[in-house]
Amino acid sequence: MKINADFDKRVVVHSEQMEWLDSPMPGVSRRPLDRVGGEVARATSIVRYAPNSQFSPHVHTGGEEFIVLEGVFQDEHGDFPVGSYIRNPPQSRHQPGSDEGCVIFVKLWQFEPEDRIHIRLNTRFMQAIPHRELSGIAVTPLYHDEIEEVANLDFDANANIQMTMGGGAEVFVLEGELTEGADKLVKHSWLRVPIGGSLNIKAGSEGAKVWIKQGHLQRVNDEIIRVQNA
């Protein structure tokens with residue numbers, strides 16, 4: 001299966017306008033944003049757990065990265081409320097579910113194979129700091145290595161950024177509204193910018209909060225090969 005699988009193209013998806021698709025597990029549904037592969041896939045999705053639903057125990061051979069958007073996500077490692085940012089590296093294992101139900105933004109099979117770093121952050125208790133170069137922007141760093149950088153950005157009203165993305169980027173709107181080029185992005189809109197592309201973002205009159213991941217698209221081909229061989 002291929003969904004938005006040409007990583008040389010800019011893509012915008014307004015996930016709130018999409019239908020929920022059932023997963024193989026009862027009570028778990030998803031909205032695919034990009035995907036290369038079958039049930040084992042390099043994938044970016046919005047996933048919804050109905051109350052009292054869960055997945056069977058499994059190993060994340062290619063790693064898992066997610067943000068909790070609604071409700072409380074749970075596994076044997078704890079309860080993760082709205083605002084939680086989690087990285088479960090390759091070969092990590094868990095049994096996810098939710099007693100009250102939850103919605104997460106999740107990325108699968110997008111880690112370096114040797115990565116073994118677990119990250120569990122509650123961004124609601126993290127202090128955003130003014131960006132060193134961009135006026136009207138505050139940043140909450142989430143993760144950084146030699147390939148990628150992940151952060152939340154808080155935009156003041158009408159704040160603007162213009163950046164060239166040498167290693168590509170993804171932007172996911174957590175709160176508020178903004179424009180990027182000719183597109184208006186609203187809550188839970190997702191934008192992918194290819195390698196060498198640019199971002200020209202302007203926040204709306206009430207500001208915005210976004211999750212941004214940059215630099216990582218340079219390793220896409222290696223990821224896809226690993227998925228197809230899994």
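**Salt bridges and exposure**

Colleague: Why does D154 count as partly exposed?

Modeller: In this predicted model, the relative accessibility of D154 is 22%. Buried means under 20% and exposed means over 50%, so D154, at 22%, falls in between and counts as partly exposed.

Colleague: What makes D154 and K209 a salt bridge?

Modeller: Their closest N and O atoms are 2.7 Å apart. The cut-off is within 4 Å, so the pair qualifies. The two residues are 55 residues apart, with D154 in strand β17 and K209 in strand β22.

Colleague: And why is R31 called buried?

Modeller: R31 has a relative accessible area of 9%. That is under 20%, so R31 is buried. Its salt-bridge partner E16, at 44%, lies between the two limits and therefore counts as partly exposed.

Colleague: How do you know that E16 and R31 form a salt bridge?

Modeller: The closest N and O atoms are 3.3 Å apart, which is within 4 Å, so the pair counts. E16 sits in the loop between β2 and β3, while R31 belongs to strand β4.

Colleague: What makes R10 and D183 a pair that links distant parts of the chain?

Modeller: They are 173 residues apart: R10 is in the loop between β1 and β2, and D183 is in strand β20. Their side chains meet at 2.8 Å, N to O, so this is a salt bridge by the 4 Å cut-off.

Colleague: How many salt bridges does a search of the whole structure find?

Modeller: It finds 14.

Note on methods. Residues numbered from 1 in each chain as written. Predicted model: local features only at pLDDT ≥ 70, side-chain atom pairs only at ≥ 80, totals over all residues. Heavy atoms only, no water. Helix = DSSP H or I, 4+ residues; strand = E, 2+ residues; numbered from the N terminus. Buried < 20%, exposed > 50% of the residue type's maximum accessible area, 1.4 Å probe, protein only.
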